Amino acid sequence: MTFLEVKDLHVSIDGKEILSGLNLKVEKGEVHAIMGPNGSGKSTLANAILGHPKYNVESGDILVKGESILDLPTDQRARKGIFLGFQYPTEISGVGYSHFLRNAYNTLNKEDKTREVFLTVREFHEYVKKNLDAVGLDKSFLGRYLNEGFSGGEKKRSEVMQMLVLKPNIAILDEPDSGLDIDAVKAVAEAINKLIETGAGVIVITHYARILRYLTKLDHVHVVAKGKVIKSGGKELSEELEAKGYGWLGIEDDK
Ligand SMILES: Nc1ncnc2c1ncn2[C@@H]1O[C@H](COP(=O)(O)OP(=O)(O)O)[C@@H](O)[C@H]1O
Ligand SMILES: [Mg+2]
């Protein structure tokens, strides 16, 4: 049974239709890229999958292993192993990074007998430290407030670091490469590769083929325009888009 299925999804924000019949199927172990012009609905799709209250599902369905998750609050969707790395991570002053991440980990994993449990803060920090190293952040970040004062690049590294810590079944990464220099793009791609090794499914939303070239696996590339998938293909489609833009598909590059 398909792990994650988005079926003829229609989503509106403040009464305006943004997604207009979007279909997508993602299995564990598959890597998908979603590309498309600005404003086409890519982040809306990501937010709708996680149940952001501003995004109203008008019709269609989102299913995990054949069961609709539309009635579930965000935390229960996360417990099914769905992770969202934000396009614009929010700074949350007063929420300690280490505290936040350990609570998230424990909450997600306490009922899962197959997962390690870290009983002490020290053990947890050792586990997190490996993942900080993987993305090139030092451990002083754990002593800071969540995203507060992080540079753009540090926020992006931090999102994929959280993904490695939480080990989702399906990770949705919304422009994990935006605003990053080449070295940071590589570090982020390598973190994604680590997750791919665990057998997770990954959806990378991006404008650029660059990050996709560093991935050890890329099964499907989808182009979203005006709230729908208008074309799907393999890796070569991402290269074609990078070279030619979106014009040849009959859609504009930007709104
Ligand atoms: N919170 C919001 N309130 C109002 N309009 C929104 C909101 N989020 C997105 N939109 C609108 O929905 C459309 C799709 O946005 P988005 O999903 O962010 O596109 P993409 O991620 O593909 O660039 C845009 O026209 C955008 O202005
Ligand atoms: Mg977006």
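Me: Why is Tyr127 called buried?
Reply: Tyr127 has a relative accessible area of 7%, and buried means under 20% (exposed is over 50%, partly exposed in between, with a 1.4 Å probe and protein chains only), so Tyr127 counts as buried. A word on the source: this is a predicted model, where local features need pLDDT of at least 70 and side-chain atom pairs count only at pLDDT 80 or more, while totals for chains, interfaces and linings use all residues. Residues are numbered from 1 along each chain as its sequence is written, chains are lettered from A and ligands numbered from 1 in the order in which they are written, and side-chain values use heavy atoms, leaving out hydrogens and water.

Me: What makes the pair of Tyr105 and Tyr127 edge-to-face?
Reply: Rings of Phe, Tyr and Trp (its six-membered ring) pair if their centres lie within 6.5 Å; planes under 30 degrees apart are stacked, over 60 edge-to-face and the rest tilted. The centres of Tyr105 and Tyr127 are 5.6 Å apart and their planes at 65°, so edge-to-face is the right name.

Me: Why is Tyr105 counted as buried?
Reply: Its relative accessibility is 0%, so Tyr105 is buried.

Me: What makes Ser43 and Gln87 donors of the magnesium ion (ligand 2)?
Reply: Ser43 (OG) and Gln87 (OE1) lie 2.1 to 2.2 Å from the ion. Donors are N, O and S atoms within 2.8 Å of the metal (3.2 Å for Na, K and Ca), and water is not among the atoms, so sites may look incomplete.

Me: How do you know that Gln87 is buried?
Reply: Gln87 has a relative accessible area of 15%, which puts Gln87 in the buried class too.
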